[in-house]
Amino acid sequence: MAQQPMYPAVNNSVPALVTEAVSGSDTSIVLDNAGVLPAPPNLLTLGEDDTAEVVRYGAVSGNTVSQCVRGYHGTTARAWPVGTLCGRNFTAYDHDTFMGNIGDLAAGKLDAGGDGTDLTVAFTQTAARANVATGETQATLWGKVSKWFGDLKAGAFAAFGTGTSDVARGDHRHDGVYVTAETDPNVADWARKPNAKPTYTVGEIAGAVPDTRTVNGKALSADVVLGAGDVGAATPSVRFDMTLLAAGWTGNAYSVQDARIVSATQAVDVSLSLTATEDQARAARNAQLRGSAQAIGGFTLTADGAIPAEDVPITVEVRP
């Protein structure tokens with residue numbers, strides 16, 4: 001039996017009055033206050049005694065109740081005069097439907113100790129593998145289980161016996177011991193060794209390189225780091241910007257200290273920075289700067305002209 005619709009009730013069955021006479025075939029009924037009725041669809045009882053009529057209405061607009069099914073649930077459709085009392089009363093339909101729906105649910109439920117042998121589950125396999133979780137529905141659980149089984153390959157269902165001939169190809173561990181069933185003659189002997197991983201010699205592993213071999217004099221026993229000189233490459237130039245501060249001059253000399261100057265014979269080129277203003281460029285020209293000394297860690301500039309009265313930005317290029 002299918003579940004039947006049950007309609008909401010209203011507290012105290014607040015009554016209303018018919019304000020326009022109703023014939024036995026009318027499908028619309030006008031009341032003085034349709035607002036006391038529950039939202040449609042629902043039931044309306046016309047009259048108060050054993051001649052009362054139950055109406056199922058489908059719509060309410062203002063005080064007009066429409067889409068009425070007259071003489072509902074075995075009652076008789078009849079004419080009703082103005083002033084007839086009506087309301088959402090408890091009806092035989094309500095009682096019969098409660099009983100029918102409850103009985104239907106009771107007939108279909110599985111008791112705690114019942115037999116679920118013939119129960120079925122409709123499910124869809126999940127798109128990705130995921131673990132099951134407490135509180136999930138049967139459909140979700142079996143969808144996950146189906147995905148796990150669906151992704152297993154044939155080897156997962158291979159039969160295992162008591163002899164190596166009954167065991168699927170490959171190495172399998174049982175009680176801490178490997179059982180080897182490899183029969184391919186091209187597999188090296190060392191690959192057939194059972195139990196814990198042994199130590200193999202270079203000679204047992206085809207293509208292995210001993211760690212005593214060197215590359216450019218560097219042993220392979222550790223990570224090999226090659227510099228430019230190891231591969232005959234030229235060391236790249238180092239280029240950086242700095243500022244000759246007006247307050248940094250000692251007489252007509254300016255000492256530059258920088259760790260990138262690694263020898264007294266390196267080629268060091270000094271030029272006016274592209275960011276120099278017109279005043280800074282004029283100060284540099286008037287200073288007639290030249291290099292006068294160089295050592296590890298720095299060099300000295302000499303002004304043969306006017307000592308700059310403002311900061312002068314320069315670009316330094318250190319070549320190997």
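Here are some short exercises, each with a worked solution, on the predicted model shown above.

**Exercise 1. Get your bearings**

Work out how many helices and strands the protein chain has, and what share of its residues count as buried.

*Solution.* Start with the secondary structure: the chain comes to 3 helices and 17 strands. Next, look at burial: 22% of the 320 residues count as buried. Then turn to the outside, where the chain exposes about 20600 Å², with carbon and sulfur atoms supplying 54% of that area. Last, check the contacts between residues at least 6 apart in sequence: 53% of them join residues at least 24 apart.

**Exercise 2. Order the strands in two sheets**

Find the strand order of the open sheet that contains β1, and say which strands sit at its edges. Then do the job again for the sheet that contains β2.

*Solution.* Step one: the sheet with β1 has 4 strands, in the order β1-β7-β3-β4, and the pairing is antiparallel. Step two: β1 (16–17) and β4 (53–57) each pair on one side only, which makes them the edge strands. Step three: zoom in on one edge, where β1 pairs with β7 (residues 85–87) over 2 bridges. In that pairing, Leu17 has Leu85 as its bridge partner.

Now the other sheet. It is open as well, with 3 antiparallel strands in the order β2-β6-β5. β2 (29–30) and β5 (59–61) have a single partner strand each, so one side of each has no neighbour in the sheet. β5 and β6 are joined by 3 bridges, and Ala59 stands opposite Ser66 of β6.

What holds paired strands together in general? Backbone hydrogen bonds do that job, in parallel or antiparallel arrangements.

**Exercise 3. Take a hairpin apart**

Find how many bridges join β15 to β16, and which residue in the turn has a positive phi.

*Solution.* First count the bridges: 6 of them join β15 (residues 289–295) to β16 (residues 298–303), and the two strands run antiparallel. One pairing to look for is Arg290 with its bridge partner Thr302. Then move to the turn: the hairpin has 2 residues between its strands, and Gly297 has a positive phi of about 95°.

**Exercise 4. Sort the aromatic pairs**

Classify the pair Tyr72 and Tyr93, then the pair Trp249 and Tyr254.

*Solution.* The whole structure has 4 aromatic pairs. Tyr72 and Tyr93 are 5.4 Å apart, centre to centre, with 50° between the planes, and that makes the pair tilted. Tyr72 is in the loop between β6 (64–66) and β7, while Tyr93 is in helix α1 (residues 92–108), 21 residues away. Both rings belong to buried residues: Tyr72 has a relative accessible area of 18%, and Tyr93 has 8%.

The planes of Trp249 and Tyr254 meet at 70°, with centres 5.2 Å apart, so this pair is edge-to-face. Trp249 and Tyr254 are buried too. To finish, add Tyr7, which forms one aromatic cluster with Tyr72 and Tyr93.

**Exercise 5. Compare the settings of three salt bridges**

For Arg88–Asp94, Arg239–Glu317 and Arg282–Glu278, decide whether each partner is buried, partly exposed or exposed.

*Solution.* The structure has 12 salt bridges, and these are three of them.

- Arg88 and Asp94: the closest N and O atoms are 3.0 Å apart. Arg88 is buried at 3% relative accessible area, and Asp94 is buried at 5%.
- Arg239 and Glu317: the N to O distance is 3.5 Å. Arg239 is in β12 and Glu317 in β17 (residues 312–319), so the bridge ties together parts 78 residues apart in sequence. Arg239 is exposed at 59%, whereas Glu317 is partly exposed at 24%.
- Arg282 and Glu278: the closest N and O atoms are 3.1 Å apart. Both residues lie in helix α3 (residues 278–287), 4 residues apart, or about one turn. Arg282 is partly exposed at 33%, and Glu278 is exposed at 60%.

**Exercise 6. Find a nonpolar patch**

Say which residues join Val231 in a nonpolar surface patch.

*Solution.* Val231 sits in the loop between β11 (218–219) and β12 (238–244). Val231 counts as exposed because its relative accessible area is 55%, and the cut-off is over 50%. Its patch partners are Val209, Val215, Leu220, Val224 and Leu226, and the patch has about 450 Å² of accessible area together.

Conventions
Residues are numbered from 1 along each chain as its sequence is written. This is a predicted model: local features need pLDDT of at least 70, side-chain atom pairs count only at pLDDT 80 or more; totals for chains, interfaces and linings use all residues. Side-chain values use heavy atoms; hydrogens and water are left out. Two strands pair if DSSP finds at least two bridges between them. Patches are made of residues with over 30% relative accessible area and no salt bridge: like charges are joined within 9 Å, nonpolar side chains (Val, Leu, Ile, Met, Phe, Trp, Tyr) within 5 Å. Accessible areas come from the Shrake-Rupley method with a 1.4 Å probe; for residues, only the protein chains shown count as cover. A salt bridge is a side-chain nitrogen of Lys or Arg within 4 Å of a carboxyl oxygen of Asp or Glu. Buried means under 20% relative accessible area, exposed over 50%, partly exposed in between (1.4 Å probe, protein chains only). Contact means heavy atoms within 4.5 Å. Rings of Phe, Tyr and Trp (its six-membered ring) pair if their centres lie within 6.5 Å; planes under 30 degrees apart count as stacked, over 60 as edge-to-face and the rest as tilted.
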